[in-house]
Structure formats: structure tokens, C-alpha cells
Amino acid sequence: MFKLSLLSSSSLHLLSLSKKLALPNFTRKIFCSISTTMSINFQPHAFAGNPLRSKTPKPSDPFSPTQAYETLKTQLLDNPHLLSSSPSFKVLPFRKGRPLASTSVGIGDSTLNWHLGWISLADCKGFLANSGVQLSGDSLVYLGSRPEEDVVYWAIDVSKEDSVVPELGSKQLCFVELRTLMVATDWADARAMGELAIAGHARALLEWHSMSLFCGHCGEKTVPKEAGRRKQCSSELCKKRVYPRVDPVVIMLVIDRENDRALLSRQFRFVPRMWSCLAGFIEPGESLEEAVKRETWEETGIEVEEVVYHSSQPWPVGPSSMPCQLMVGFFAYAKSLEINVDKEELEDAQWHSREDVKRALTFAEYKKAQKTAAEKVDQMCKGVEKGQNFSADFNVESGELAPMFIPGPFAIAHHLISSWVYQDASDTVGARPKQPCGSTSNL
Ligand SMILES: [Zn+2]
């Protein structure tokens with residue numbers, strides 16, 4: 001009931017947007033199918049809609065974490081090459097937060113596609129054996145399975161095994177920054193969006209494993225449980241359970257209804273001329289709405305009266321100390337307009353007219369930036385390009401310089417801003433039904 005309620009309102013909203021935005025047929029088709037079938041497979045944001053997590057198998061199911069882990073241990077004891085078991089296993093290696101990837105050229109055109117570099121359990125065992133490491137079941141973290149396949153997927157961190165890099169490189173597989181893959185992902189390609197979501201989930205789990213080696217309560221070592229889906233203190237006296245970490249962040253587009261303007265800001269780390277939404281971490285004992293109001297006030301001196309939920313996005317590409325942020329997006333309507341920027345937090349914040357922001361959206365070459373990033377991944381997998389410059393990936397411009405631009409479709413900020421830009425000026429909350437602050441139907 002909750003899911004239907006959520007999707008029905010957002011699908012109507014997006015359907016309306018798709019007409020105004022003249023989105024590609026593919027995207028529009030998805031919107032239309034949702035409006036009639038209430039499909040739960042809609043992927044509005046990068047890193048959401050992980051296809052390996054659409055259903056959680058029951059504990060007795062051979063694809064469940066517990067059962068799959070038992071089968072995995074059996075396979076690791078024997079030669080996996082000699083066993084024909086069900087389910088089979090595929091492993092995604094990570095190195096320093098970077099998933100293994102490869103590229104291919106699309107059939108019938110020259111489109112470059114990136115793919116996750118899944119390897120078999122036998123190959124994983126072999127690569128590690130060549131580094132003098134014996135693969136154990138506890139090194140592998142369960143990612144899930146697809147209902148239509150006889151496969152269970154796992155991730156492994158091979159950051160300490162240097163010899164795997166040239167070995168995999170000889171097969172045109174390389175470890176690529178997740179941010180680079182994010183920019184290289186074609187937003188209209190459901191397969192690529194699904195792979196990005198899998199990589200994001202896997203990175204979040206592995207980063208959390210690497211930073212929760214010891215119990216925060218008694219200091220003893222922690223051990224993986226439930227195929228790596230949680231951990232537990234190894235002390236018999238303590239046995240504290242530890243769960244993967246999620247850090248919620250509010251991100252808001254502050255709107256001046258009266259003058260039809262939105263507040264955009266610049267952080268010091270942004271590439272030149274990029275403007276985006278305000279954002280900030282939620283503090284303990286605070287509601288989402290309170291966090292939106294407090295952060296807006298602290299960073300810009302603007303008071304907000306109404307807060308309306310828009311959508312949320314997992315964000316596993318932050319620092320490794322925060323393995324997965326959850327960006328919770330809002331429209332926030334201002335009741336005071338004078339800006340007083342906190343220079344410790346922000347470089348600048350300014351009101352921008354709808355026309356100016358629309359121009360920035362139109363000018364930016366998001367598709368070109370995506371193709372450039374995909375070419376970069378291809379060059380890296382072929383061993384041509386070694387360096388990985390994240391900030392350059394965010395630069396969506398080429399040629400003539402625009403006064404400003406906003407982040408690409410991989411970021412929730414893009415969707416908050418474009419939702420506001422393309423909604424009717426007379427309708428302050430767009431096509432969404434207006435929800436009062438704190439309503440449970442959308443949360
Ligand atoms: Zn403990």
C-alpha cells in the first residue's frame with residue numbers, strides 16, 4: 001500500500017514532466033507503463049533500483065544469504081571447476097573502492113557500454129592463489145540474485161592483492177572509480193543503471209566492512225554474519241551486532257514563490273561555475289523537515305516555512321568513512337529572502353530566476369559528458385589511460401562557456417532543479433499532489 005501510494009504520486013509527477021521535457025521515447029515509455037501498472041521497477045535515480053535486490057529469498061531458499069553461503073563454503077573446499085552445483089556464483093572484485101569493469105561496443109552502432117567485471121568463483125580463487133592468498137567464504141559479501149537466474153552474486157575487496165591488477169588487465173578488465181562509471185552511465189539504459197546500482201550497493205557494503213573491523217563497544221574483532229550482510233563482535237561476553245551504515249542527508253531546492261526564483265549555492269570543492277542545491281547531514285533527534293529548515297538557515301540565513309518531499313537517492317560515492325549516504329530531496333519554500341552566506345560552509349549562494357536556470361539546463365551537454373566518460377573507461381580498460389580525475393568527470397561543458405551549469409542526471413540535485421524549472425509557474429508544487437509537511441503518505 002505504501003509503495004503504491006509513493007509510486008502513484010511520483011509517476012504522475014514524472015509523466016507530466018516527461019511531456020514537458022520531451023524526454024526520449026524509452027524514458028517516456030517507462031513513465032507510461034508505471035502510470036498504468038504501478039511497476040516497482042522504475043529507476044528514477046542513479047544507484048536506486050538494484051536488480052539483485054528486488055526480492056529477498058526466504059532463509060530456506062538456496063539463493064538466500066545463509067543457504068548460498070553454505071554452498072559457497074562447500075565449493076571453496078573443493079575444486080570449483082569440478083563441481084556442477086546450483087546456484088552458481090559470480091564475484092565482483094573491488095580495489096580501493098573501485099569496481100572491476102570492462103567495455104564493449106554496441107551492436108549496430110558505435111555506442112560504448114561499460115559492464116561490471118564479474119568473474120567466476122574458480123577464477124577468483126585462482127587469482128588470489130597466485131597472490132599467495134587462500135580465498136575464504138568470509139572474504140565474500142553476498143549481493144543477491146535475480147529471480148530469473150540460477151546465479152548468486154558476491155563482492156570481494158582485493159585492495160591488498162597487487163598482482164591481480166596486471167592479471168586482470170591482460171583481459172582488458174580494470175578497476176574504475178565509481179564516480180567515473182556513474183557519469184559514464186547512459187541514464188536511459190536500464191541495464192547500465194542496474195549495474196551502477198549493484199556496484200553502489202557492493203561498494204557501500206565493502207567500505208563498511210573495512211571500517212568496522214573492531215567492536216565499538218568492547219574493542220574485540222568483529223566477524224561477518226549472514227554472508228557479510230551484518231557483523232558481530234567475536235567476544236562471547238559481548239556479541240554485539242553491527243549493521244551496515246547509512247548516513248541520511250537532506251538536500252533541498254529552496255524556492256522563492258513570489259519572485260519565481262530558486263536558491264542555488266556553490267561549495268568550495270565544486271568545479272568552476274557549477275551551482276547546486278543546499279544539503280546537509282541530519283542531526284540526532286531531528287526530523288527531516290527540521291534538518292531542511294536548520295541547514296538552510298545556518299548556511300544562507302534564509303527561513304523556510306513549508307517543506308515538501310520530492311524523492312530520495314542512495315549516494316555511495318562519498319568518502320569511504322561514509323560508505324553510503326542517503327540523499328533525501330525536498331522543495332523548501334522560503335519565507336525570508338535576504339541571503340547571509342556562511343563562508344565556512346559555502347563559497348556563495350544566490351537567487352536565480354527560472355529562465356536563467358532553464359538556460360543552464362538547456363546549455364549543458366550532459367549526453368556528451370556521458371560519452372566522454374564512457375570513452376575514458378574504455379581507454380582505461382585498454383591500458384591507455386591511467387589517471388582518474390573525479391572533478392573533471394563532473395564538468396558537463398565543452399566549447400563555449402556558460403555562466404553557470406548544474407550537476408548531471410546522475411545527481412538528485414539535477415532532478416530537484418529540473419522538476420522546479422519545468423513545472424507550471426502557476427503550480428508551486430508541480431504535478432505532485434500537495435503533501436503537508438510531515439504527511440506519512442509519501443514517507
Ligand atoms: Zn564487543
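Contacts between residues 24 or more positions apart account for 70% of those with a separation of 6 or more in the chain. The model is a predicted one, and its secondary structure comes to twelve helices and 16 strands. Of the 443 residues in the chain, 42% are buried.

In soluble globular proteins, nonpolar side chains tend to be buried together. Here, the largest nonpolar core brings together 107 residues, and W154, I251, L253 and V254 have the most contacts inside it. Helix α7, spanning residues 190-211, supplies the largest share of this core, with eleven residues. The core lies between domain 1 (2-12 + 17-230) and domain 2 (246-364 + 402-422), because both of them give residues to it. A closer look at V254 gives a sense of its surroundings: beyond its neighbours within four places in sequence, V254 is in contact with A262, L263, L278, T296, I302, V304, A332 and A334.

Helix α3 offers a second view of the packing. This helix runs over residues 65-77, and its 13 residues reach 18 Å from the first C-alpha to the last, close to the 18 Å expected at 1.5 Å a residue. Buried residues in α3 are P65, A68, Y69 and L72. These four cover an arc of only 100° around the axis, which puts them on the same side of α3. The spacing follows a familiar pattern: an α-helix has 3.6 residues a turn, so residues three or four places apart point the same way. As for their partners, the buried residues of α3 pack against three strands, namely β1 (88-95), β5 (140-144) and β6 (151-157).

Key:
Residues are numbered from 1 along each chain as its sequence is written. This is a predicted model: local features need pLDDT of at least 70, side-chain atom pairs count only at pLDDT 80 or more; totals for chains, interfaces and linings use all residues. A nonpolar core is a set of buried Ala, Val, Leu, Ile, Met, Phe, Trp, Tyr and Cys residues joined through C-beta atoms within 7 Å. A residue is buried if 20 or more other C-beta atoms lie within 10 Å of its own, exposed if 12 or fewer, and partly exposed in between; C-beta atoms are placed from the backbone. Helices (H or I, at least four residues) and strands (E, at least two) are DSSP runs, numbered from the N terminus. Domain bounds come from an automatic or database domain assignment. Two residues are in contact if their C-beta atoms, placed from the backbone, lie within 7 Å. The expected span of a helix is 1.5 Å times one less than its number of residues. The arc is that of the directions from the helix axis to the C-beta atoms.
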